[in-house]
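User: I would like to go through the reasoning behind some labels used for this model. Please set each value against its cut-off.

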Amino acid sequence: KVKKRVRKMELRELGRTGLKLSCVGFGASPLGNVFGSVSEEQANASVRLAFQSGINFFDTSPYYGGTLSEKVLGKALKALNVPRSEYIVATKCGRYGDGFDFSAERVTRSIEESLERLQLDYVDILQCHDIEFGSLDQIVNETIPALQKLKEAGKTRFIGITGLPLGIFTYVLDRVPPGTLDVILSYCHHSINDSTLEDIVPYLKSKGVGIISASPLAMGLLTEAGPPEWHPASSDLKAACRASATYCQENGKNISKLALQYSLLNKEITSVLVGMKSVEQVEENVAATRELAASGIDKEALSEVGAILKPVKNQSWPSGIQQS
Ligand code: NAD
């Protein structure tokens with residue numbers, strides 16, 4: 001069997017980790033059926049095409065589809081039959097189908113379970129998942145020290161935190177010794193409708209942490225098909241996003257392509273994680289990335305969509321518990 005050549009995609013360095021991530025990363029939450037059901041064949045084919053297109057970064061969590069995403073991703077990566085060093089895997093801990101538990105005991109057990117489901121000996125990045133739902137002081141004093149031990153034990157190469165409100169990142173980074181955290185993962189704050197992540201990029205850089213930004217399509221808001229039922233955006237935000245998708249459709253443009261390209265413009269952000277569940281979506285997102293590199297973004301469409309989204313610009317939604 002002739003091995004298909006892996007095409008090149010732009011790589012960007014992740015903070016001080018030395019990891020070089022493809023500028024587009026494969027978000028595996030859809031493999032847990034959170035955006036509609038995905039067959040195992042479709043999942044395998046999507047992961048394979050992504051890898052062959054130069055995507056080397058895959059993100060999952062035990063939370064996605066109640067552990068299903070990790071299992072499906074693990075199988076698909078194994079089926080690639082390439083050396084482990086050729087792909088970068090991130091998973092998470094602390095958030096599960098039945099709730100949150102950021103205790104040292106739980107996260108230490110969690111990585112073992114994740115490694116078994118992923119069929120791996122180690123992950124590249126282990127992140128505390130959606131920390132605004134836990135006590136941030138517990139994250140600082142208990143969870144992160146537990147993750148550091150897992151790093152020393154070789155279960156993960158690097159550690160990080162994820163969540164929605166940007167204040168969680170500064171809260172934690174202000175309280176841990178320099179160099180403790182390797183990476184942060186922010187979502188829904190670096191897309192056409194909300195670019196607030198950019199405000200804290202200089203701070204994050206000063207702390208030496210790598211920056212990953214997820215959900216460039218705002219978890220489906222910036223797609224022709226629209227968001228899933230559970231999407232937490234306000235009706236105003238949903239309507240404005242729908243209007244921008246319609247504008248694009250009526251003018252022979254594609255809202256998802258524009259949204260992904262926009263999120264790739266800031267090179268301080270190492271990798272943009274897009275959720276993908278089909279070969280067609282991988283093809284489209286890879287093509288959008290190549291087109292951006294070759295000919296830049298469609299400035300007219302960006303300015304029209306920007307105008308439609310202006311009334312809801314930077315509008316977010318509540319997430320997590322009130323911190324004392
Ligand atoms: P997203 O903005 O990437 O949107 C995904 C949706 O868009 C899915 O329905 C997908 O099928 C669809 N889609 C993808 N490509 C498309 C295309 N070309 N055309 C039309 N539709 C397309 O949101 P997401 O999946 O929530 O985020 C991406 C990834 O980032 C997740 O899978 C996950 O790995 C990660 N993430 C992590 C956190 C966290 O840690 N707290 C939060 C959100 C996302």
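The turns below take up the ligand and then an aromatic pair.

Analyst: Keep in mind that this is a predicted model.

User: What makes the approach of Ser-29 to the ligand a polar contact?

Analyst: A side-chain N or O atom of Ser-29 is 2.8 Å from an oxygen atom of the ligand. The cut-off for such a pair is 3.5 Å, so the label applies. Ser-29 is also among the residues that come nearest to the ligand, together with Asp-59, Asp-130, Gly-275 and Asn-285.

User: How do you know that Glu-284 qualifies as well?

Analyst: A polar side-chain atom of Glu-284 lies 3.2 Å from a nitrogen atom of the ligand. That value is within 3.5 Å, so this pair counts too. The protein buries 92% of the 830 Å² that the ligand exposes when taken alone.

User: Which elements each supply at least two residues of the shell?

Analyst: These are β10 (183-187), β12 (271-275) and α9 (279-295). By class, the shell has 13 nonpolar, eleven polar and five charged residues.

User: Why is the pair of Phe-26 and Phe-58 called tilted?

Analyst: Their ring centres are 5.6 Å apart, with 40° between the planes. The distance is within 6.5 Å, so the rings pair; the angle is neither under 30 degrees (stacked) nor over 60 (edge-to-face), so the pair is tilted.

User: What does this pair tie together?

Analyst: Phe-26 lies in strand β3 and Phe-58 in strand β4, so the pair ties together parts 32 residues apart in sequence.

Key. Residues are numbered from 1 along each chain as its sequence is written. This is a predicted model: local features need pLDDT of at least 70, side-chain atom pairs count only at pLDDT 80 or more; totals for chains, interfaces and linings use all residues. Side-chain values use heavy atoms; hydrogens and water are left out. A residue is near a molecule or strand if one of its heavy atoms lies within 4 Å of it. A polar contact is a pair of N or O atoms within 3.5 Å; within protein, one must be able to donate a hydrogen and the other to accept it, and residues adjacent in sequence count only if both atoms are side-chain atoms. Accessible areas come from the Shrake-Rupley method with a 1.4 Å probe; for residues, only the protein chains shown count as cover. Helices (H or I, at least four residues) and strands (E, at least two) are DSSP runs, numbered from the N terminus. Ala, Val, Leu, Ile, Met, Phe, Trp, Tyr, Cys and Pro count as nonpolar, Asp, Glu, Lys and Arg as charged, and the others, Gly among them, as polar. Rings of Phe, Tyr and Trp (its six-membered ring) pair if their centres lie within 6.5 Å; planes under 30 degrees apart count as stacked, over 60 as edge-to-face and the rest as tilted.
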